[in-house]
Structure formats: structure tokens, C-alpha cells
Amino acid sequence: MAGFQTEVLDLEGWDHFYSGKVRDLYVPAGASFEETDRVLVVASDRISAYDFVLTSEIPDKGKVLTQLSLWWFEQLGDFANHVISTDVPEAVAGRAMVCKKLEMYPIECIARGYLTGSGLAEYKVSKTVCSLPLPDGLVDGSRLEPALFTPSAKAEVGEHDENITYEQTAERVGNDVAEALREKTVALYEQAEKIARARGIILADTKVEFGADPATGEITLGDEVLTPDSSRFWDAAAYQPGQAQPSFDKQFVRDWLTSSASGWDKNSGEQPPQLPAEIVEKTRARYIEAYERLTGQSFTA
């Protein structure tokens, strides 16, 4: 299984197995991935955009993502999740979780509650989002009711995820699982959207991943959940349809990369440039603000 090449940490009791764009997986020392029932999931400070892992890192990002995911897992108690323990090696304290090894479905489960981003671009051309028809007259930031389930097929590191239809999802995982993934994704989004809104944050869209628990077969929430990496968060007080919304997520990084200031063409196939120190710090601040406004807790590195 190909992965991202990065520094491998020497963690007592754990062996490195795989690195994704922003997370590293370790298995119990001496065990193979096939025989173990648990993995250590370590969130790095790496950041990805447009399917590239940037050369710049965002300090404390791994801790923000892990702590916010843990908070959301607690809020979403109706959804089985993969967390076993936060008793992890000191070197990765605060940014790692011991988790069940799930049989992950090859689907990115995306719920869209508002029209923006790539969905808006498609809508302007065809009045659809991921081939789902929408009414005329919608603008950037229009609310979508009910929220749309727009899955994509997971790609290897360095490749592009591919938007797929619900029917194509069913071809990959079967009708029963496809229906369950759609129901769980939309239900999770709707529950989280209410929680976020009560804290002055609009959850515009989110991506989650599910897998089957090998022991029980139960469809289980894995990876991260409802973080600034996997979701689009807007300030409810500043929300105004018809324009781009100020966000607490990595859209800030995407916006800089596609601005004239970066000098980078996202369609060039070339590695994006290093982020200026100001963009790194402002991105860090946005991630921390999202954490603090949602949880009501002060972030401590």
C-alpha cells in the first residue's frame, strides 16, 4: 500500500505501518497489520490542499484535529466510533488515539448543507451538484434542505478523489451498505449542524469515513470527524448568502494558493509553494478558534 513518505517516529510499543496525507498509522510492536485488531492513529501538523501535501506545516494542527475529533465523538454518542483509548506514547500525547482497526469502505462520505466550493462551480454550469438536480436561483452560501449526500471514491495518496453517484457507491459497497452510509452521513451532519449552530458556527459541509468493525460487522465512524480539515465552518454572525463566507478551516490556505500572491496554478501539476509565515500563523489561529468556539474550552498545546 503506497503512502506518503515522512519521518517515522520511534514510539515504544508501536511500529510504523502507513502514512497518509496528514495521519500516520502504527501497529503494536511485532504484530502485522493483518493480525492486529488495533492501530495507533497519529495526527501530524502536515496540511494538504488540492491533493498535494504542502511543504509547510501548521504548528499544533495535529493536536487541534485530535482533540476536536474526540470532543465530537462524545457529542455524537449515537454513532459507533473507532476510539479505544487516548493512552498513547508521551511523544505523541494529545495528537494520537488508539483505535479499532476497521475494514474501511472505499468511500468518502460527504454531506453538503450549503452550496459553495466545487458544488457551486458545478451548479453554475448545470444546476446540479454531483449530478443531483437543484432548483434555479441558488447562490454562493444558499442552504440546501435536506442536506445532500455526495460521495466520492477514495484515491491513493497523490491521486485525486473522484466524485461518484449514489448508484456507483452501491456498485462498490452493495445496496444495503450504500443506503446505511447515506443515512448515517446525513443524520450525523444534521445533528452536528444543530450543535455547531448553537455555538455560532455554521457547518456548511463535512466529510466522514466509515468502516465495518471486524468483530461485530457494525458500521463504525473512523478517521477524524468534523474538524477544520474535513469540514467547512462559517461564522454564523457574518453569514450572508451571495458571497464567499469567512471560514475557520483550510479554505483560507486554498484561497491563498489560488491567489495571485502565490503565483501557483492549481492545474499545473506542480507542487504548491511554501506558505508565508503570516498564512501559517493565521491558519493556526483559525483552527484554534474553531476548536474553542465549538467546544467552549481553551486550547492548550
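Helices α1 and α4 are roughly perpendicular to each other, because their axes cross at roughly 110°. "Roughly perpendicular" covers 65 to 115 degrees; angles under 35 degrees are roughly parallel, those over 145 roughly antiparallel, and the rest oblique. This is a predicted model: local features need pLDDT of at least 70, side-chain atom pairs count only at pLDDT 80 or more, and totals for chains, interfaces and linings use all residues. Residues are numbered from 1 along each chain as its sequence is written, and side-chain values use heavy atoms, with hydrogens and water left out.

**Helix α1 against α4**

- Helix α1 spans residues 61-75 and helix α4 residues 175-197 (helices are DSSP runs of H or I, at least four residues; strands are runs of E, at least two; both are numbered from the N terminus).
- Their axes come within 11 Å; axes are lines fitted to C-alpha atoms, for helices over the stretch in contact, and angles run from 0 to 180 degrees between N-to-C directions.
- The crossing of α1 and α4 is right-handed: the near helix is turned clockwise from the far one by less than a right angle, whereas anticlockwise would be left-handed.
- Trp71, Trp72 and Gln75 of α1 make the contact with Gln191, Ala192, Ile195 and Ala196 of α4 (contact means heavy atoms within 4.5 Å).
- This contact has 5 nonpolar, 2 polar and no charged residues. Nonpolar covers Ala, Val, Leu, Ile, Met, Phe, Trp, Tyr, Cys and Pro; charged covers Asp, Glu, Lys and Arg; the others, Gly among them, are polar.

**Helix α1 against α6**

- The axes of α1 and α6 come within 10 Å and cross at roughly 20°.
- These two helices are therefore roughly parallel to each other.
- Their crossing is left-handed.
- From α1, the residues in contact are Lys61, Val64, Leu65, Gln67, Leu68, Trp71 and Trp72; from α6 they are Tyr287, Ile288, Tyr291, Leu294 and Thr295.
- By class, the α1 and α6 contact holds 9 nonpolar, 2 polar and 1 charged.
- Trp71 and Trp72 of α1 appear in the contact with α4 and in the contact with α6.

**Helix α3 against α4**

- Helix α3 covers residues 166-173, and its axis comes within 7 Å of that of α4, crossing at roughly 125°.
- α3 and α4 are therefore oblique to each other.
- The crossing of α3 and α4 is right-handed.
- On the α3 side, Tyr166, Thr169, Ala170 and Val173 make the contact; on the α4 side, Asn175, Val177, Ala178, Glu179, Leu181 and Arg182 do.
- The α3 and α4 contact counts 6 nonpolar, 2 polar and 2 charged residues.

**Cavity**

- The whole structure has 1 cavity of 30 Å³ or more. On a 1 Å grid over the protein atoms alone, a cavity is a set of points where a 1.4 Å probe fits but cannot get out; a pocket is an open set with protein on both sides within 12 Å along at least five of seven lines; lining residues have an atom within 4 Å of a point.
- The largest cavity holds about 30 Å³ of space (grid points are joined across faces, edges and corners, and a volume is the space filled by probe spheres set on the points).
- Its lining consists of Ile58, Pro59, Asp60, Lys61, Val64, Arg284, Tyr287 and Ile288.
- α1 and α6 (277-295) each give two or more residues to this lining, and α6 gives the most, with 3 residues.
- The lining of the largest cavity divides into 5 nonpolar, no polar and 3 charged.

**Second largest pocket**

- About 280 Å³ of space lies in the second largest pocket.
- Of its 16 lining residues, Thr116, Ala244, Gln245, Gln251 and Asp255 are the closest to the centre.
- α2 (117-126), β17 (231-235) and α5 (251-257) each give two or more residues to the lining; α2 gives the most, with 4 residues.
- By class, the lining of the second largest pocket has 6 nonpolar, 6 polar and 4 charged residues.

**Backbone details**

- The peptide bond from Glu145 to Pro146 is cis, with omega near 0°; Pro146 lies in strand β12 (residues 143-149).
- Lys127 is a residue other than glycine with a positive phi, near 60°; Lys127 sits in the loop between α2 and β10 (128-129).
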